[in-house]
Amino acid sequence: MASSPLIMRLVSASVAVSNRASGIIRDIMKSGNLGIVEKGKNDLQTEADRSAQRCIVASLHKRFPEVAIFGEEALDPSEKIPAEFLEHESDEYVLKQECPEYLRNVADEDVVIWVDPLDGTAEFTQGFLDHVTVLIGIAVKGNAVAGVINQPWYNYQNPDKPLGRTIWGVMGLGGFGFLREVPPKDKLIVTTSRSHSNMLVTETVHSLNPNEVVRVGGTGHKVLLLIEGKVHAYVFASKGCKKWDTCAPEAVLHAVGGCLTDLHGIKMNYAKDVQRQNTGGMLATLMNEEDHRGIVAKIPELAKDAMEQSSPAPELDFMGAKFGQNPQRGSNSEEKSNIPIGSNKVPSEEKKQAVDQSAVSPTPSTDSQGTTSSKSSQLSDSVQKETCTTKL
Ligand SMILES: Nc1ncnc2c1ncn2[C@@H]1O[C@H](COP(=O)(O)O)[C@@H](OP(=O)(O)O)[C@H]1O
Ligand SMILES: [Mg+2]
């Protein structure tokens, strides 16, 4: 049998290795020896970040030696990697899916993989375990097209259910491993950083007049809240996020018809030579491009002026579809499968939309995750109540 296209092999290897990395992270938490190092102001690294990155980068590099891989942590590349850190398997379910046509002939040199071995490190050290995710983002010619978000402690408060889950998506194929839900129509719920906030971050969120502000850790976790319908927008008026924070979440959003841009509405560039910081800030929604631009228009000039304009990713030919929209074709269409994935449209009546229940993690999310503070338009950090419900 001819081997699968490179992208599908990369995604299936990434799903498998994200599970191994997740196990390593849980083991380190269990050991109680977190090995915390301060990388910079408000920027921590733990043994779990280091070990998970060793596992992911070494495993992927061994199997795809010509593909560029960038991880968040600066580690010694000559370090010996323990054999148990190497994942040799692929996820068979991923390999059974049809590769979207525009990705079938991608070459090694077109691809860059961005790895955040443990997103939400601050929350990890504080015991907010379901804020933690492992992120593996796959970019083609600078565009985030495929990604894996692994949540090691998903369900940790429900011991009867399987611990952890893996969400993955490919733009043009769809998103797998979660239940897509529609957010409430009568309010605006915005999520932003819990541990890297400042006055501009807060004021920018408040300028959208949200009914609720959800402050939780991790870019991956906040994008999970978006795709599961718990929030309408993720707004971060800060240059603090990096390419490894946003590549996988952006790809998963694209896979289900959402958008992630800077605060000017410019799409991110994930080519290997780009600067690592997302200096334009970030806005993520599960909206079509037009509605997303509507939110961009509401971001105050003060916040936009404080952020740079990102240099956009080059246009990819997505089978004639515009970037940010989702080409729906072949096995991804609702007619051919009971997996209504990749739709830009949120059904008006249906409350829950099953995305895929047979993928890597079959359990749907119904839990409320993390910190929610509910207030009217004059929110300020000093008055927000942060009742963190998910601390270990
Ligand atoms: N001011 C800042 N300094 C350093 N890292 C920042 C930052 N603002 C955001 N980040 C990084 O962006 C990610 C999301 O931030 P937040 O959880 O606050 O929303 C986190 O990734 P890591 O946890 O992988 O380091 C966080 O460290
Ligand atoms: Mg991160």
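Domain bounds here come from an automatic or database domain assignment.

**View 1. Ligand 1 between two domains of a predicted model.** Domain 1 (6-177) and domain 2 (180-378) each give at least three residues to the shell around ligand 1. In all, 19 residues surround the ligand (a heavy atom within 4 Å of it). Gly-120, Ser-193, His-196, Gly-218 and Lys-222 are the closest.

**View 2. Polar contacts of ligand 1 (N or O pairs within 3.5 Å).** A polar side-chain atom of Lys-222 lies 2.5 Å from a ligand oxygen. Gly-120 brings a polar backbone atom to 2.7 Å from an oxygen of ligand 1. For Leu-118, a backbone N or O atom is 3.2 Å from a ligand oxygen. The protein covers 89% of the 540 Å² of accessible area that ligand 1 has on its own (Shrake-Rupley method, 1.4 Å probe).

**View 3. Elements of the shell around ligand 1.** Strand S4 (111-119) and helix H6 (219-227) each give two or more residues (DSSP runs; helices, H or I, at least four residues; strands, E, at least two; numbered from the N terminus). S4 gives the most, with three.

**Notes.** Residues are numbered from 1 along each chain as its sequence is written, and chains are lettered from A and ligands numbered from 1 in written order. Local features need pLDDT of at least 70, side-chain atom pairs 80 or more, while totals for chains, interfaces and linings use all residues; side-chain values use heavy atoms, without hydrogens and water.

Terms used:
Polar contact = N/O pair within 3.5 Å; in protein donor to acceptor, adjacent residues only side chain to side chain.
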